[in-house]
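Colleague: Got a minute to go through this model with me? I'd like to know what stands behind the labels people put on it.

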Amino acid sequence: MSGSPIDDTDRRLIRATQAGLPLVPRPYHTIAEAVGIAPEEAMARLTAMLEAGLVRRIGAVPNHTALGLTFNAMSVWDVADEALPGLGPRVGALDFVSHCYHRPRRPPAWPYNLFAMVHGRSRAEVTEKVGAIGRLLGGDCRDSDVLLSRRTLKKTGLRLAD
Amino acid sequence: MLDPVDRRIINALQGGFPVAERPYLDAAAALQLSEGELIDRLSRLLDMGALSRFGPMFNADRLGGGYCLCAMAVPPAELEAAAAIVNGFVEVAHNYERQHALNMWFVVASDDPARLDAVIAEIEAMTGREVLSLPKLEEFYVGLRVEA
């Protein structure tokens with residue numbers, strides 16, 4: 001992609017909503033006022049950014065740990081390339097998988113090409129769920145590993161640098 | 001703790017929140033709540049930490065920038081110092097210690113694509129450790145479903 005598809009007003013809108021949408025009956029009016037544009041323009045710009053995929057979605061971001069899902073495991077799998085387009089969406093559709101991505105292998109240190117983040121209330125629950133992914137992948141998976149979280153070192157939302 | 005209405009809100013409002021004059025009113029109607037009750041509950045869920053955020057989620061790689069998952073193998077004795085270096089970059093949103101030889105996992109995000117490689121190079125120079133970059137090639141799913 002060459003250049004940025006957004007202008008300075010869009011950037012100001014993004015910055016004005018980075019901390020979240022105001023919890024008031026007319027939140028887009030509040031934001032428009034902060035940016036110095038009409039509410040209609042703020043809404044039109046956000047709608048355009050949604051349609052263009054610049055805004056992924058508008059809504060709630062759950063905090064897994066606070067929801068009691070204190071154990072998270074990054075399960076990683078070396079899945080045959082030809083089987084991945086079929087299997088990836090099936091792993092993503094499992095209701096305990098929160099993130100599921102195809103990423104590059106970096107041999108020899110890193111042979112895995114499928115990542116599935118699994119959340120649960122206990123280590124046993126997470127282990128059982130990872131086992132279910134393994135059964136789904138079956139013989140198309142050559143190798144796998146599970147990386148349990150030990151500590152959160154930093155967690156903030158996506159920020160635009162000033 | 002969460003009651004069934006909270007769980008319905010969390011499951012229903014991870015996306016699709018309207019852009020409208022009175023968006024909470026519209027979203028509340030679909031959940032058979034009043035506007036005031038939805039705003040109060042969202043406020044409480046944010047205060048108690050059940051939600052880390054409520055609002056638009058921007059797609060860094062479509063904003064002309066991008067983001068990249070990175071992994072590093074850091075000897076335990078150097079972990080705190082390396083974490084301080086990595087966390088010091090505003091472009092690093094998440095950083096986790098994990099149980100693996102590759103024990104530090106972080107995400108670098110920027111609306112300026114040139115910054116991604118620059119941040120990774122600076123982290124390598126400052127820590128003296130190799131950074132493995134693992135950018136997303138394809139997304140199969142992102143979201144969290146809470147048992148209702």
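Modeller: Here is a run through the labels, and keep in mind that the model is predicted.

Colleague: What makes you say chain A and chain B are in contact, and how many residues take part?

Modeller: Contact here means heavy atoms within 4.5 Å. By that test 80 residues of chain A and 74 residues of chain B are involved. Putting the two chains together buries about 7400 Å², with 58% of it on carbon and sulfur atoms. On the chain A side, A:Leu23, A:Arg57 and A:Lys154 supply 10% of the area buried against chain B, more than any other three residues.

Colleague: Why is the pair B:Glu21 and A:Arg26 called a salt bridge?

Modeller: The cut-off is 4 Å between a side-chain nitrogen of Lys or Arg and a carboxyl oxygen of Asp or Glu. B:Glu21 and A:Arg26 come in at 3.1 Å, N to O, so the pair qualifies. As a rule, side chains of opposite charge can pair when their charged atoms come close.

Colleague: And what about A:Arg150 and B:Glu97: what is the N to O distance there?

Modeller: That one is 3.2 Å, so it is within the 4 Å limit and counts too. The pair crosses between chains, from A:Arg150 in strand 5 of chain A to B:Glu97 in strand 3 (residues 92–98) of chain B. Between chain A and chain B the count is five salt bridges, and a search of the whole structure gives 21 over all chains.

Colleague: How many residue pairs are in polar contact between the chains, and which element of chain A gives the most to that side?

Modeller: There are 34 such pairs between chain A and chain B, counting those with both residues at pLDDT 80 or more. Strand 5 (residues 141–155) gives the most to the side of chain A that touches chain B, with 10 residues. By class, that side has 45 nonpolar, 21 polar and 14 charged residues.

Colleague: How do you know that strand 5 of chain A pairs with strand 3 of chain B?

Modeller: Pairing needs at least two bridges, and these strands have five, so they pair, in the antiparallel sense. One of the bridge partnerships is A:Thr152 with B:Tyr96. Strand 5 of chain A is also joined within its own chain, by seven bridges to strand 2 (residues 71–79), again antiparallel. There A:Met74 has A:Leu147 as its bridge partner.

Colleague: What other strands pair across the chains?

Modeller: Strand 3 (residues 97–102) of chain A pairs with strand 6 (residues 138–142) of chain B over four bridges, antiparallel. In that pairing A:Tyr101 stands opposite B:Glu139.

Colleague: What makes the bond between A:Pro107 and A:Pro108 cis?

Modeller: Its omega is about 5°. A:Pro108 is found in the loop between strand 3 and strand 4 (114–120) of chain A. Most peptide bonds are trans, and most residues other than glycine have a negative phi.

Colleague: And which value singles out B:Gln32?

Modeller: Its phi is near 55°, a positive value in a residue other than glycine. B:Gln32 lies in the loop between helix 2 (23–30) and helix 3 (35–47) of chain B.

Colleague: Last one: where are the domains, and what separates their centres?

Modeller: Chain A is divided into domain 1 (8–51) and domain 2 (71–148), with centres 38 Å apart over C-alpha atoms. Chain B has domain 1 (4–47) and domain 2 (60–135), and there the centres are separated by 35 Å. Those bounds come from an automatic or database domain assignment.

Conventions. Residues numbered from 1 in each chain as written. Chains lettered and ligands numbered in written order. Predicted model: local features only at pLDDT ≥ 70, side-chain atom pairs only at ≥ 80, totals over all residues. Heavy atoms only, no water. Buried area = accessible area lost by both parts, 1.4 Å probe. Polar contact = N/O pair within 3.5 Å; in protein donor to acceptor, adjacent residues only side chain to side chain. Nonpolar A, V, L, I, M, F, W, Y, C, P; charged D, E, K, R; others polar.
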